[in-house]
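Student: I am new to this structure, and I would like to start small. Please pick a single part and take me through it slowly, explaining the terms as they come up.

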Amino acid sequence: MTPKTTFFDLQTGFAPETESVSLKRSLSTIKSIFSNQEKAEEILSSEDRLVYEFYDLGIPEKEGNIAYGTSILYPGKVGDEFHMTKGHFHTILDTGEVYYCLKGHGMMMMENPEGDVEYREMRAGHSVFVPGRYAHRTINVSDTEVFVTFFAFRADAGHDYGTVESKGFRKLVVSDGQGGYKIIDNPKWNSI
Ligand SMILES: O=P(O)(O)OC[C@H]1O[C@H](O)[C@H](O)[C@@H](O)[C@@H]1O
Ligand SMILES: [Fe+2]
């Protein structure tokens with residue numbers, strides 16, 4: 001490989017000049033992650049919406065490489081639950097990842113197979129190191145502003161979505177009804 005320069009817009013997170021693709025996750029494709037399924041179906045009965053998108057710069061997934069890009073999480077809620085990413089473990093479980101917030105206000109929610117839960121609030125300028133073994137998802141807790149992060153992790157780590165898809169996360173981040181957020185136990189968390 002040769003060195004690579006990529007411009008990311010600090011306001012939007014977009015990388016307009018690259019040949020890289022932004023992968024889009026609309027509500028219809030991730031609806032099952034939200035706790036209020038009736039609300040998700042109600043929204044989808046009138047129209048689909050883009051929940052987040054992220055850049056995959058196409059760095060080869062081989063040992064020694066670092067994958068990186070931006071993730072752009074649009075504001076919105078499904079019921080009282082804020083827009084969030086699917087979330088995943090890394091296939092190489094003990095793989096850390098670093099996130100740096102470029103814009104907005106969000107949360108990094110993390111949990112490991114032993115059931116330890118950690119979450120960190122993020123605003124522009126904050127970085128969060130997600131340790132190995134922790135599943136991670138980002139959540140946009142603003143009702144109005146996009147939440148933009150830059151991320152980097154070992155390129156061959158892989159994504160394990162299955163565990164989160166079947167069990168969910170132990171905690172949910174929901175509106176407190178007063179313009180803020182609160183963290184609650186996930187009533188549907190499946191420990192089987
Ligand atoms: O993979 P998701 O849980 O849908 O999240 C989308 C993306 O968010 C991040 O920023 C990660 O570092 C990416 O590796 C990930 O694929
Ligand atoms: Fe990750």
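Tutor: Let's look at the hairpin of strand 14 and strand 15, where 5 residues lie between the strands and G177 takes a positive phi near 80 degrees. This is a predicted model, in which local features need pLDDT of at least 70 and side-chain atom pairs count only at pLDDT 80 or more, while totals for chains, interfaces and linings use all residues. Residues are numbered from 1 along each chain as its sequence is written, chains are lettered from A and ligands numbered from 1 in the order in which they are written, and side-chain values use heavy atoms, with hydrogens and water left out.

The two arms are strand 14, residues 171-175, and strand 15, residues 181-185. Strands here are DSSP runs of E, at least two residues long, numbered from the N terminus. The arms pair in the antiparallel sense over 5 bridges; strands pair if DSSP finds at least two bridges between them. To trace the pairing yourself, begin with K171, whose bridge partner in strand 15 is D185. Then move along to V173, which has I183 as its bridge partner in strand 15.

How much of strand 14 is buried? Of its 5 residues, 4 are buried, so the strand is mostly covered (buried means under 20% relative accessible area with a 1.4 Å probe, counting protein chains only; exposed is over 50%, partly exposed in between).

Now follow the chain out of the hairpin. N186 lies in the segment after strand 15. With a relative accessible area of 13%, N186 is buried too. What is N186 in contact with, leaving aside its neighbours within four places in sequence? The list is F169, R170, K171 and L172, where contact means heavy atoms within 4.5 Å. One name on that list, K171, is the residue we met as the bridge partner of D185. The side chain of N186 also has a polar atom that lies 2.9 Å from the backbone nitrogen of K188.

So, to retrace the route: the antiparallel arms are joined by 5 bridges, G177 has its positive phi in the hairpin, and buried N186 is in contact with residues including R170 and L172.

Notes
Polar contact = N/O pair within 3.5 Å; in protein donor to acceptor, adjacent residues only side chain to side chain.
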